[in-house]
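Please walk me through this structure in the viewer. I would like to know what to select at each stop and what is there.

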Amino acid sequence: MSQAALSVEALSKSFGGLHVFKDLTFDLAPGEILGVIGPNGAGKTTLVNVLSNQLTATSGTVRLYGEVVSGRSFPATARLGLVRSFQHTSVFPTATVAENLVRARYFAGRPPQIHTEATELLEVCGLGAVFHRKAVDLPYGLQKTLGLVMSCLAEPKVLMMDEPAAGLERVERIVVDKLVHYASHVLECSIMIVEHDMDLIRRLCPRSIVLEGGKILAQGATPNVLSEPSVISAYLGEALEANDAVH
Ligand SMILES: Nc1ncnc2c1ncn2[C@@H]1O[C@H](COP(=O)(O)OP(=O)(O)OP(=O)(O)O)[C@@H](O)[C@H]1O
Ligand SMILES: [Mg+2]
């Protein structure tokens with residue numbers, strides 16, 4: 001069997017007496033796009049925070065292509081190629097789009113110059129026309145898009161996207177597909193997508209994991225997982241209502 005891109009072994013995180021998740025074990029294969037779903041408070045963002053080493057794990061081991069990344073700093077983890085995007089916007093507000101992109105590359109140890117494909121990506125995502133505008137002056141959707149593009153321009157080996165579609169209108173969400181396509185086909189990286197948008201999960205993620213109460217409730221091929229009765233009763237009613245509420 002080939003080596004996992006990301007290997008998560010018995011990972012736990014507690015805040016004092018609150019166990020957010022316990023003994024999580026799963027792998028992400030090279031080139032795989034994995035969905036991570038689950039109700040509010042299930043521990044999805046905390047998982048991304050721990051995997052990216054923004055938070056320290058209580059116990060367990062995380063490996064990136066066999067190399068232990070647990071216990072490293074957040075910047076060192078990004079430089080190794082394990083990069084996350086944020087549920088909420090995460091841009092430098094008073095910096096321009098161009099400056100934000102350079103900072104994202106600097107943070108991940110990349111030179112400032114970007115390749116032709118990345119320049120095309122900026123156009124495709126609607127950022128080309130606002131390249132020299134301050135991030136704070138952009139509408140929310142473009143700020144969120146900028147944060148997602150920043151994570152791609154860090155040229156990760158494994159990209160973890162925390163609710164990439166949150167805050168985007170339904171018609172804007174196609175940008176997430178384009179970014180995932182870029183990350184998958186141009187960067188050839190593995191991707192973990194945390195989302196409540198089940199259409200997006202169905203479209204982009206052949207395999208999914210369901211987190212509930214800090215445990216893996218179900219995992220497997222996405223269509224099978226989404227039709228499991230335990231998943232429907234624990235989560236999907238709620239998620240589908242949330243999807244319907246967004247236009
Ligand atoms: N810094 C913290 N200190 C204490 N508790 C925390 C902290 N961060 C998260 N939690 C708790 O951990 C649990 C999981 O939160 P988390 O944000 O990871 O959920 P989530 O699955 O991302 O939810 P959502 O779908 O709403 O984004 C919640 O009960 C939350 O209150
Ligand atoms: Mg979250």
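A residue counts as buried if 20 or more other C-beta atoms lie within 10 Å of its own, and as exposed if 12 or fewer do. Keep this cut-off at hand during the tour, and keep in mind that the model is predicted.

**The whole chain**

Begin with everything shown. The protein has nine helices and 10 strands. Its C-alpha trace spans about 50 × 40 × 40 Å along the principal axes. A compact globule of 247 residues would have a radius of gyration near 18 Å, and the 17 Å found for the protein agrees with that. Of the 247 residues, 43% are buried. Among contacts with a separation of 6 or more, 68% are between residues 24 or more positions apart.

**Helix α1**

Select residues 44-51, which make up α1. Which residues of α1 are buried? They are Lys44, Leu47, Val48, Asn49, Val50 and Leu51. That is six of the eight residues of α1, so the helix is largely enclosed by the rest of the structure. Now move on to Asn53, just after α1, where the backbone takes a positive phi of about 65°.

**Around ligand 1**

Keep α1 selected and add ligand 1. Which residues surround ligand 1? The shell consists of Phe15, Leu18, Val20, Gly38, Asn40, Gly41, Ala42, Gly43, Lys44, Thr45, Thr46 and Gln87. Two elements, β2 (18-28) and α1, give two or more residues to this shell. The largest share, three residues, comes from α1. Sorted by class, the shell has four nonpolar, seven polar and one charged residues.

**The open sheet**

From the ligand, go to β2 and show its sheet. In what order do the four strands of this open sheet lie? The order is β2-β1-β4-β5, and the pairing is antiparallel. β2 and β5 (67-68) stand at the edges with a single partner strand each, so one side of each has no neighbour in the sheet. Strands of a sheet pair through backbone hydrogen bonds. To look at one such pair, select β1 (residues 6-15) together with β2: seven bridges join the two strands, which run antiparallel. Within this pair, Ser7 stands opposite Asp27 in β2.

**Strand β3**

Next select residues 33-37, strand β3. Five of its five residues are buried, so β3 is largely enclosed by the rest of the structure. In a regular strand the side chains alternate between the two faces of the sheet. Colour the two sides of β3 separately: Ile33, Gly35 and Ile37 are on one side, Leu34 and Val36 are on the other, and both faces are covered.

Now add the partners of β3. With strand β8 (residues 190-194), β3 pairs in the parallel sense over four bridges. Strand β9 (residues 207-212) also runs parallel to β3, again joined by four bridges. Centre the view on Leu34, which stands opposite Met192 in β8 and opposite Arg207 in β9.

**Last stop: Pro223**

Finish with Pro223, in helix α8 (residues 222-226). Is Pro223 buried or exposed? It has 10 C-beta neighbours inside 10 Å, so Pro223 counts as exposed. To place Pro223 relative to another part of the chain, draw a distance to Ser208, 15 residues away along the chain; the two C-alpha atoms are separated by 8.9 Å.

Definitions and conventions. Residues are numbered from 1 along each chain as its sequence is written. Chains are lettered from A and ligands numbered from 1 in the order in which they are written. This is a predicted model: local features need pLDDT of at least 70, side-chain atom pairs count only at pLDDT 80 or more; totals for chains, interfaces and linings use all residues. Two strands pair if DSSP finds at least two bridges between them. A residue is near a molecule or strand if its C-beta atom, placed from the backbone, lies within 6 Å of it. Ala, Val, Leu, Ile, Met, Phe, Trp, Tyr, Cys and Pro count as nonpolar, Asp, Glu, Lys and Arg as charged, and the others, Gly among them, as polar. The radius of gyration is taken over C-alpha atoms; the globule rule is 2.2 Å times the number of residues to the power 0.38. Two residues are in contact if their C-beta atoms, placed from the backbone, lie within 7 Å.
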